[in-house]
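Visitor: Could you take me on a close look at a single part of this model, the pocket lining, and then follow the thread outward from there?

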Amino acid sequence: MTILRARPAPTLAAVAALAAAVAATGTAVLAGPAAAAQGCRVDYTPNQWSGGFTAAVKVSPGDTAVSGWTVTWTYAGDQRVTNGWNATVTQSGSTVTARNVSYNGSIPAGGSTEFGVQGTFATGGGAPTGFSLNGLPCNGAGPTGVPTTTVPTTAPPTSTPPTTAPPPTTPPPAGCAGAVLCDGFENQTGSTPSGDWTVVNPDCSGAGTATIDTTTTHSGGRAVRINGAAGYCNHVFIRSTKNLGSLGSVRYGRIWVRHTTAQPTDHTTMMAMTDAADGNKDLRMGGQNGAMQWNRASDDATLPEQSPAGVAQSLPLPTNRWACLEFMVDGSAGQLRTWLDGTAVAGLTADGVPTHDIDGQWYNRTWRPQLTDLKLGWESYGGGSDTLWYDDVAVGSSRIGC
């Protein structure tokens, strides 16, 4: 791990003296480089594997609060940022610029906020340097050498699956970033999910089935296959037996999913989480009118709204390939965000401000979810059947990434 720390800035007394000199002489006094507030600090904590990396970046402005922030740094090698979260991240040459998003621009004095980046490299080339906050240097001289990281013993989730199944003792998939739940199903030894998962049939059971599959996987040698049948009484899910209610108000999830049949016009569900603050009714992710949607079981509110303009703000879940589905639910703020293959989906975003066609219906009442579990499977509320596979599932208190 490499942590970059700040260099103290000039005191307020020094700044006042400079202003007095200008006022008395009418001549600007030339000073050294501008500096950010006392205690300004950026912590850049990388995790690297062959050809790729992620990094958690913590921004602490020090003694002075900020109402908006822009952080920049320079890579010494050929690193290229491909994705970011909790910030808008761009790169020009070797210089990276990260700007706050709508919900994390204000940082009080003594406070901090965090964002992350994901990227690739060919040959690497050392740790980043030249950190600045809002155009002013925030750190002293940067460290030398490459980030100290542990290369995962298994390939990252985007690698080609091995041709033979690993033994049941294979460690969890790489890239889980300290998640509470991190499972590639490699510990499953039978044909029916067990141990950390249990098969459940909400409401009623029928033709739907859940099995362990060794022929179609995202990584490793095992995945969960769901044969989802059409019709209301064919509900089938696997439910995590881990205590996910201990995560707190903010929950991030990452699920690799593959399916065979385009989402129908009818309403379907492929993921559900019990909401203890909503009568233990489910918060559901699935589809309707050919695109993905979120749905509340308690009042059937949808995100986005099922108007043509609302559905156009969502995306269909791709068929016959593995897709990375990520989500964030903030129970204290009543917000929800969704990413498909690393890209945010506007129609699957509830940002706290009701917007017609997107989350206007979602905020027809106060929504402060308390999620307690995770279920993966299939519900059809009319026509529509599908075959789905789930693999490399992770849930934690910070974004995990693809």
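Guide: Sort the lining of the largest pocket by residue class and you get 13 nonpolar, twelve polar and three charged residues. That makes up a lining of 28 residues, and the ones nearest the pocket's centre are Ala56, Trp85, Glu114, Ser398 and Arg399. Several strands give two or more residues to this lining: β1 (41–49), β2 (52–60), β7 (113–120), β15 (250–259) and β20 (323–330). Of these, β7 gives the most, with four residues. The volume comes out at about 580 Å³. Bear in mind that this is a predicted model, so treat the pocket accordingly.

Now for the second largest pocket, with a volume of about 390 Å³. Its lining has 21 residues, and Gly84, Trp85, Ala87, Trp339 and Ala344 lie nearest its centre. You'll recognise Trp85, which is also among the residues nearest the centre of the largest pocket. The elements giving two or more residues here are β4 (80–85), β5 (88–92), β21 (335–340) and β22 (343–344), and β4 gives the most, with five. By class, this lining holds eight nonpolar, eleven polar and two charged residues.

Let's use β5 as the way into the sheets. It is an edge strand, as is β9 (136–137), each pairing on one side only, in an open sheet of five strands with the order β5-β6-β3-β8-β9 and antiparallel pairing. In that order β3 sits between β6 and β8. On one side, five bridges join β3 (residues 70–74) to β6 (residues 95–99), and the two run antiparallel. On the other, β3 pairs with β8 (residues 129–133), again in the antiparallel sense, over three bridges. Thr72 is a handy residue to click on: its bridge partner in β6 is Thr97, while in β8 it stands opposite Ser132. Thr74, meanwhile, stands opposite Thr95 in β6.

There is also an open sheet of seven strands, in the order β11-β14-β23-β16-β17-β18-β19, with antiparallel pairing. Its edges are β11 (197–200) and β19 (302–303), each pairing on one side only. Within it, four bridges join β16 (residues 268–275) to β23 (residues 375–380), which run antiparallel, and Met271 stands opposite Leu376 in β23.

Salt bridges pick up the story from there, and a search of the whole structure finds twelve. In one of them, Asp373 meets Arg239, with the closest N and O atoms 2.9 Å apart. Asp373 is in the loop between β22 and β23 and Arg239 is in β14 (residues 236–240), 134 residues apart, so the pair links distant parts of the chain. Asp373 is buried, at a relative accessible area of 2%, whereas Arg239 is partly exposed at 31%. Both belong to a salt-bridge network that also takes in Asp282 and Lys375.

Back in β23, the side chain of Glu379 meets that of Arg284 in a salt bridge, at 4.0 Å from N to O. Arg284 belongs to β17 (residues 281–288), and the two residues are 95 apart along the chain. Glu379 counts as buried because its relative accessible area is 4%, and Arg284 counts as buried at 13%.

One more to look at: Asp299 and Arg365, whose closest N and O atoms are 3.2 Å apart. Asp299 lies in the loop between β18 (291–296) and β19, and Arg365 in the loop between β22 and β23, so this salt bridge ties together parts that are 66 residues apart in sequence. Asp299 is partly exposed at 31% relative accessibility, and Arg365 is partly exposed at 29%.

Definitions and conventions: Residues numbered from 1 in each chain as written. Predicted model: local features only at pLDDT ≥ 70, side-chain atom pairs only at ≥ 80, totals over all residues. Heavy atoms only, no water. Pairing = 2+ DSSP bridges. 1 Å grid on protein atoms, 1.4 Å probe; cavity = no way out; pocket = protein on both sides within 12 Å on 5 of 7 lines; lining within 4 Å. Points joined across faces, edges and corners; volume = space filled by probe spheres on them. Nonpolar A, V, L, I, M, F, W, Y, C, P; charged D, E, K, R; others polar. Buried < 20%, exposed > 50% of the residue type's maximum accessible area, 1.4 Å probe, protein only.
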